[in-house]
Amino acid sequence: MEPVTVQTPEPIQQPSPAQSSPAQIPPANQPPPPPQGPQPVQDPYYDDEDGGTLIKKILLIAGAIVGLILIILVAIFLISKLSKPSKPKDVTLLYWGVWEDATVMQPILDDFHKTHPRITIKYEKQDIKGLGNYIQRLNQASTKSNGPDIIRFHSSWLPEVKNLLLPLPSSVVKNSGIDKDYYKTVSRDLKYKGAYYGIPLGIDTLALFVNTNRLNNIGEQIPTTWEDLAKVARKLMIIEGDKIVKSGLALGTYQNIAHAPDVISLLLRINGADITNLAGPQRKNTIEALQYYTSFAKGEDKFWDPTLDNSKLAFAKGDLAMYFGYSWDIFEIDARKAPDVVYQTVKIPSLSGRHDTIASYWAEGVSVKSKYSPEAFQFLEYLSKPDTLQKLYAEQSKVRPFGSLYPRRDMASLLKTNTLIAPFFEQGDDAQSSIFASDTYDDALNKEANKYLEDAINSVNQNNGSIDTAVDNSLAPGVAQVLTKYGK
């Protein structure tokens, strides 16, 4: 039997992936793949691949939002707290006064405190007459930072104190009415380069005091011009031998004339001289005014001489018919006058239609060193109110015959019935302060300027010198030096 040859079948070639044919549908008789069991449904809140949860994500987002809201709320709270104005602290202002006692000022200060409870005013009266050196003491106190917040100063002092003062804010200027309701002398005296440096509580001007009994005895009327003044004064003279027993008018000398610097300033101003430049273009006016003044004390026809009492005292005694003075002279005259002295006050006589006169008063300003200048200016604005000025006048009138004459033109009617004091404030628009000023007890500007004026008058009266020489060699250059020294 022949052997059977068995052929080994060739291996089936597996197609390469590139050559794979499409999947064949299994034959109909091929059983389906075995079931694989139910497939798990993916929980939308659970992610196996991330290993985290959507809940966690939501919580994280929510937490972030809440945190952001908290941060915003805290920021708003902090901003509102920082931007909210802190409660104003209580302040005390030091106020240097000059003439008024604390008992007079305290009711005014108390009324202010009622409406401004966080501001207290401490008032100190300075003994300007006894101690002197007021401006020097003011400078020293300011340098040591323990000086006053509110300063009283004379109307002629602005050149020497303006660097110690703050200009008034525009709101204070507007609310006080200082530009429109106060007499014009205030703007002439207290305004520098468009800014005010103080507000006055009163005003005063040089006026003519007249012994009406003496005039009635000779049948004369009160003179209204300088020409009439000299004529009437001549008729009022009583001379025994070569001695003047009773004078008609006090003019011509320096030492025994009350307010001599002011009176000479009056003649200089009314004659058109320039006090700030006595040897300038108006030099002739200066010479004429001084010649006129000294003529009353020279020659056989003199009206006045150095042997007579001070003019204020002579008037009070009845030995002088007319002299120039301020309203505060009334207190002294009334206290010393003879029983038969009856007098009145009138405006300064006119010269060639001019009615100029000299002002002398005090004002309040705010120190440049004050730590509480807004509060200090609030106080100044309060002082400027008509109601406050009326209250101050009433308090002053408790200790003397009358108070400070109102510096406001819109209050003139309140004092007009007092004919003894009316002329002083009625001249407020025609007045201006002068560097030649009496009774300021200033050891600086006024004192130095007055000394040059005194020397010039004495050189003529005592040494028979000429006015021209006195003006050119001493008075004009001396005054110019003083003005330069104090910055005017």
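Me: What percentage of the 488 residues of the protein chain count as buried?
Reply: This is a predicted model. Buried here means under 20% relative accessible area. Of the 488 residues in the protein chain, the share that meets this mark is 46%.

Me: How many helices and strands does the protein chain have?
Reply: Helices and strands are both present in the protein chain. The count is 18 helices and 16 strands.

Me: Among contacts between residues at least 6 apart in sequence, what percentage join residues at least 24 apart?
Reply: Take the contacts in the protein chain between residues at least 6 apart in sequence. Then keep those that join residues at least 24 apart. That share is 75%.

Me: Which helix gives the largest share of the largest nonpolar core?
Reply: The largest nonpolar core has 138 residues. Y95, M322 and F324 touch the most other members. The largest share of this core is 8 residues, and they come from helix α18, residues 467-485.

Me: Which residue of β5 does Y95 touch?
Reply: Y95 touches a list of residues more than four places away in sequence, including M105, L109, I121, F379 and L383. I150 is on that list too. β5 spans 150-154, and I150 points one way from it together with R152 and H154. The β5 residue is I150.

Me: Are the residues of β5 buried or exposed?
Reply: I150, R152 and H154 point one way from β5, and I151 and F153 point the other way. β5 is mostly covered, with 5 of its 5 residues in the one class. They are buried.

Me: In what sense does β5 pair with β3, and in what sense with β15?
Reply: Strand β3, residues 91-97, meets β5 over 2 bridges, and W96 stands opposite I151. Strand β15, residues 362-366, meets β5 over 5 bridges, and F153 stands opposite A363. The sense is parallel with β3 and antiparallel with β15.

Me: In the open sheet of 3 strands, what is the order?
Reply: β12 (322-325) and β13 (343-346) each have a single partner strand, so they stand at the edges. The pairing in this sheet is antiparallel. Neighbouring strands are turned by 30° against each other on average, direction ignored. The order is β12-β9-β13.

Me: Which residue of β12 is the bridge partner of V210?
Reply: β9, residues 207-211, pairs with β12 in the antiparallel sense over 4 bridges. Within β12, L208 has F324 as its bridge partner. For V210 the partner is M322.

Me: Which residues of β12 are buried on each side?
Reply: Both faces of β12 are covered. Helix α9, residues 226-235, lies across β9 and β12, running at about 135° to β12. The buried residues are M322 and F324 on one side, and Y323 and G325 on the other.

Me: What is the volume of the largest pocket?
Reply: The largest pocket is lined by 37 residues. Of these, W99, W328, F331, W362 and R400 lie nearest its centre. The volume of this pocket is about 900 Å³.

Me: Which element gives the most to the lining of the largest pocket?
Reply: α3 (128-131), β5 (150-154), α13 (329-336) and α15 (386-396) each supply at least two residues of this lining. One of them gives 3 residues, the most. That element is α13.

Definitions and conventions. Residues are numbered from 1 along each chain as its sequence is written. This is a predicted model: local features need pLDDT of at least 70, side-chain atom pairs count only at pLDDT 80 or more; totals for chains, interfaces and linings use all residues. Side-chain values use heavy atoms; hydrogens and water are left out. A nonpolar core is a set of buried Ala, Val, Leu, Ile, Met, Phe, Trp, Tyr and Cys residues joined through side-chain atoms within 4.5 Å. Buried means under 20% relative accessible area, exposed over 50%, partly exposed in between (1.4 Å probe, protein chains only). Contact means heavy atoms within 4.5 Å. Two strands pair if DSSP finds at least two bridges between them. Axes are lines fitted to C-alpha atoms, for helices over the stretch in contact, and angles run from 0 to 180 degrees between N-to-C directions. On a 1 Å grid over the protein atoms alone, a cavity is a set of points where a 1.4 Å probe fits but cannot get out, and a pocket is an open set with protein on both sides within 12 Å along at least five of seven lines; lining residues have an atom within 4 Å of a point. Grid points are joined across faces, edges and corners, and a volume is the space filled by probe spheres set on the points.
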